[in-house]
Amino acid sequence: MGASRSRGYAPIRDYAAIGDGRTVALVARDGSVDWLCLPDLDSPSVLGALVDAERGGRFALEPEGPCEATRRYLPETNVLETTFATAAGTVRVTDAMTLPRGGLGPYRELVRRVDGLTGTVPLRWSLEPRFGYAGRTTRIERRAGVPVAVSGRDAVALCAWDAGEPADGGDAIVGRFEAREGRSSLLVLGAAHQEPLVLPSRDDAELRLHETERSWREWARDREYDGPWREAVLRSALALKLLVFAPSGAIAAAATTSLPEEIGGARNWDYRFSWPRDASFALQALLALGCAPEARAFFSWMLHASRLTHPRLHVLYRLDGRAEAEEESLPLAGYRGSRPVRIGNGAAQQVQLDVYGELLVAAARFASATGGLDRDHARRLAEVADFVCECWEQPDAGIWESRGERAHFVQSKLMCAVGLRQACELAEGGLLPAGNRARWGREEQRIRDFVETRGWSERQRAYVQRPGDERLDASLLVAVLAGYDEPRAPRLLATVDAVRRELGRGPLIHRYLGDDGLPGEEGAFLACSFWLVEAYARQGRLDEAAALMDELVPLANDVGLFAEEIDPATGEFLGNFPQGLSHLALVNAAVSIEEARA
Amino acid sequence: MIWGALVGGLAGTLVLTTLLRAASELGLTRMDLPFLLGTAVTADRVRAKAVGYALHAVFGLVFSLAYYAVFAVVGRSGFVLGAAFGLVHALFAGSALVNVLLPVVHPRMGTGFTAAGSAPLLEPPGFMLLNYGRQTPLATVVAHVAYGAIVGGFVSLSG
């Protein structure tokens, strides 16, 4: 394994993501696939070395002996190319989860092609499948000469061509071979779930790899942003596309569970769910990028998923739309000792009032982009607005899902006000039933009175996290983004400055500082940093916005991906990866600057 | 009486399919009979499932007629005799029909003699379909016994 690993764990920054719209694999710089859940993104892991280097399972492929790795995504694709330079020569590994193209292929397929560029490079590979988060018994057998690993209703097969004879490595399938200049080898991991395995031919697998590259390129070329951060925006779009769960249209918050917000700490959460909270950011980004089908699918999924809990919105839903997300801890070592490793998410049971505002803002964006709302959606959104009138006075867990006592988070209140304003405007435009419009307006004013009298601190010259508490909160930047008031309203200008002043660490912004009821501390929150850029842009402070953007974009890893957080001191990535909200915020920040310039 | 066999065959196939699907959902097996049958006709996954369900229903009716013929020869029928036929049916399917015959006639299924070659290969089922999970024989037997009992019962009731 690579020299940059610590106790078997690669830095989070060392990972690149590949996927097929159903699941995502994380490939480390040293060529090891350390994370793969099958058959879907939120299924149990089969390769889980990311959260347990010893027992989790991996698919390693690396030169024997020292090497230097450089890598990139093939332009405008989610196909990863890693080049290993060794003393004996150079070899290139191309990794992709293939997209189905008709015909009979594996249910899920990870293709690894090895091309010898110069010299003769000895390589070794090892597949260690560990089904069910390494909790289920795995048997390794052979079918038609092909090694397979089976466990209950799941199985994987490893087909190898010119990559050495697959051998029994105990609880692994292993092989070694020499990559010679001008020759190529192929390793294909095919997976089955509740069906017999399909063992592909080499030609078919190669063709699918080629077609996958072409499909990604075609999709990327339709993206509409053409500003100075095009490369970063396009990479973000491709990363977000990996997180769109194609069977339902849901957008996962991230591809992983329990990558820690503090190394060795307990702030480890499962993000393989979809958060309605992200809806307005997602709609804004998707529509700006020209991803209307994805925007429509996500909006429809969200309203469909919330049908059973209507008019209440759960904080998060499973990717298949179900509302249950019971949290449990797994007996795994955790990323660099960060325990517990959680699956499920206890935040699902929380009350978070800001989600209603986010939903109604998303509805307004969707209606504006598509020309309207269908009657059923309109009726349900009106009922959501009615519900906001009834619930906004309750305390909640806030946007950051505080696990302490509920409180009157100012950001939650102001998003309720924003939501009711959007409902009023939609009703005035004939897009929502207008029967309760007057009530929505009255309650909106009451909320604004609350925010302006109890949520404003004269001492801080800013809106604060909660009444009676002088702490600032970067989520209050959303007041500018969501249009709580005119962007250049004095209190919003002052709040933006205060957030930068109090919560900023260089270009990075912390969510908040101080005790939050959980042990340990966390890094700076990347989405908040990009929200600050967008706030500047909306306030017409374009020089500040562009300068900050120029500082933030290079903080991505070498293939342009972001995690949830960054340690401002070391630049180390923290939290789940790749993180949808970080990339959504990047896209919206870049687009806002261009819009403000136009 | 022949109508009883056909109705029983249809009902029995519905129950058999449901039981096997439930076993799959419960993680007991990876066997997917409609998928296996359909991929003999088409390589398109979606079409294969649709074709497979249709073929499965047809085979269910054909087997019910075979059951009917045996009931006629022995001169009696009923739930218990049908269940016994179902047990034999399951053992035959697991040991010979699906294990030996299907890989031979299925254009995309591997056998013990093939390696991953130029065409995609479906994982062969193995003896008693054990390649699809250790509980597969149990699920297969239970489903076929239920099928046989239903066919036998309908034939008896209609006679």
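**Exercise 1. The contact between the chains**

Glu123(B) forms a salt bridge with Arg143(A), and the closest N and O atoms are 2.6 Å apart. The model is predicted. Task: place this pair within the contact between chain B and chain A, counting salt bridges, residues and buried area.

Solution.
- Step 1. Check the pair. A salt bridge needs a side-chain nitrogen of Lys or Arg within 4 Å of a carboxyl oxygen of Asp or Glu. Glu123(B) and Arg143(A) have their closest N and O atoms 2.6 Å apart.
- Step 2. Count the salt bridges. There are two between chain B and chain A.
- Step 3. Count the residues. Chain B contributes 32 residues, in contact with 27 residues of chain A.
- Step 4. Add the area. The two chains bury about 2,300 Å² between them. Carbon and sulfur atoms carry 52% of that area.

**Exercise 2. The build of chain A**

Task: find how the radius of gyration of chain A stands against the globule rule, and describe the chain around that result.

Solution.
- Step 1. List the elements. Chain A has 14 helices and 27 strands.
- Step 2. Apply the rule. For 598 residues the globule rule gives 25 Å, and the radius of gyration of chain A is 24 Å, close to that value, so chain A is as compact as a globular protein of that length.
- Step 3. Take the spans. Along its principal axes the C-alpha trace covers about 75 × 45 × 45 Å.
- Step 4. Look at burial. Of the 598 residues in chain A, 65% are buried.
- Step 5. Look at contacts. Among contacts in chain A with a separation of 6 or more, 67% join residues 24 or more positions apart.
- Step 6. Turn to the surface. Chain A exposes about 20,300 Å², and 47% of it comes from carbon and sulfur atoms.

**Exercise 3. Salt bridges along the sequence**

Task: for three salt bridges, state where the partners lie and whether each partner is buried or partly exposed.

Solution.
- Step 1. Start with the whole structure. A search over all chains finds 66 salt bridges.
- Step 2. Take Asp558(A) and Arg71(A). Their closest N and O atoms are 2.9 Å apart. This pair links distant parts of the chain, 487 residues apart. Asp558(A) sits in the loop between helix H13 (542-552) and strand S26 (565-566) of chain A, while Arg71(A) sits in strand S6. Asp558(A) is partly exposed at 37% relative accessibility. Arg71(A) is buried at 9%.
- Step 3. Take Arg541(A) and Asp497(A). Their closest N and O atoms are 2.5 Å apart. Arg541(A) lies in the loop between helix H12 (526-538) and H13 of chain A, and Asp497(A) lies in helix H11, so the pair ties together parts 44 residues apart in sequence. Arg541(A) is buried at 13%. Asp497(A) is partly exposed at 33%.
- Step 4. Take Asp32(B) and Arg21(B). Their closest N and O atoms are 3.9 Å apart. Asp32(B) is in the loop between H1 and helix H2 (33-38) of chain B, Arg21(B) is in helix H1, and eleven residues separate them. Asp32(B) is buried at 3%. Arg21(B) is partly exposed at 28%.
- Step 5. Add the network. Salt bridges link a group of residues that includes Arg72(A), Glu81(A), Asp115(A) and Arg202(A).

**Exercise 4. Backbone oddities in chain A**

Task: locate two cis peptide bonds and two residues with positive phi in chain A.

Solution.
- Step 1. The bond from Leu38(A) to Pro39(A) is cis, with omega near 5°. Pro39(A) lies in the loop between strand S3 (33-37) and strand S4 (45-47).
- Step 2. The bond from Phe577(A) to Pro578(A) is also cis, with omega near -20°. Pro578(A) lies in the loop between strand S27 (573-574) and helix H14 (580-597).
- Step 3. Tyr133(A) is not a glycine, yet its phi is positive, about 55°. Tyr133(A) is in helix H1 of chain A. At 11% relative accessibility, Tyr133(A) is buried.
- Step 4. Ala144(A) has a positive phi of about 50°. Its loop runs between strand S10 (139-143) and strand S11 (146-151). Ala144(A) is buried at 8%.

**Exercise 5. A nonpolar patch on chain B**

Task: identify which element gives the most residues to the nonpolar patch.

Solution.
- Step 1. Name the members: Leu14(B), Val15(B), Leu19(B), Leu138(B) and Val142(B), with about 420 Å² of accessible area together.
- Step 2. Assign elements. Helix H1 (2-25) and helix H5 (136-158) of chain B each give two or more residues.
- Step 3. Compare. H1(B) gives the most, with three residues.
- Step 4. Check one member. Val15(B) belongs to helix H1 and is partly exposed at 31%.

Methods:
Residues numbered from 1 in each chain as written. Chains lettered and ligands numbered in written order. Predicted model: local features only at pLDDT ≥ 70, side-chain atom pairs only at ≥ 80, totals over all residues. Heavy atoms only, no water. Patch = residues over 30% accessible without salt bridge, like charges linked within 9 Å, V, L, I, M, F, W, Y side chains within 5 Å. Areas by Shrake-Rupley, 256 points an atom, 1.4 Å probe, with all protein chains shown as cover. Helix = DSSP H or I, 4+ residues; strand = E, 2+ residues; numbered from the N terminus. Buried < 20%, exposed > 50% of the residue type's maximum accessible area, 1.4 Å probe, protein only. Rg over C-alpha atoms; globule rule 2.2 N^0.38 Å. Contact = heavy atoms within 4.5 Å. Buried area = accessible area lost by both parts, 1.4 Å probe.
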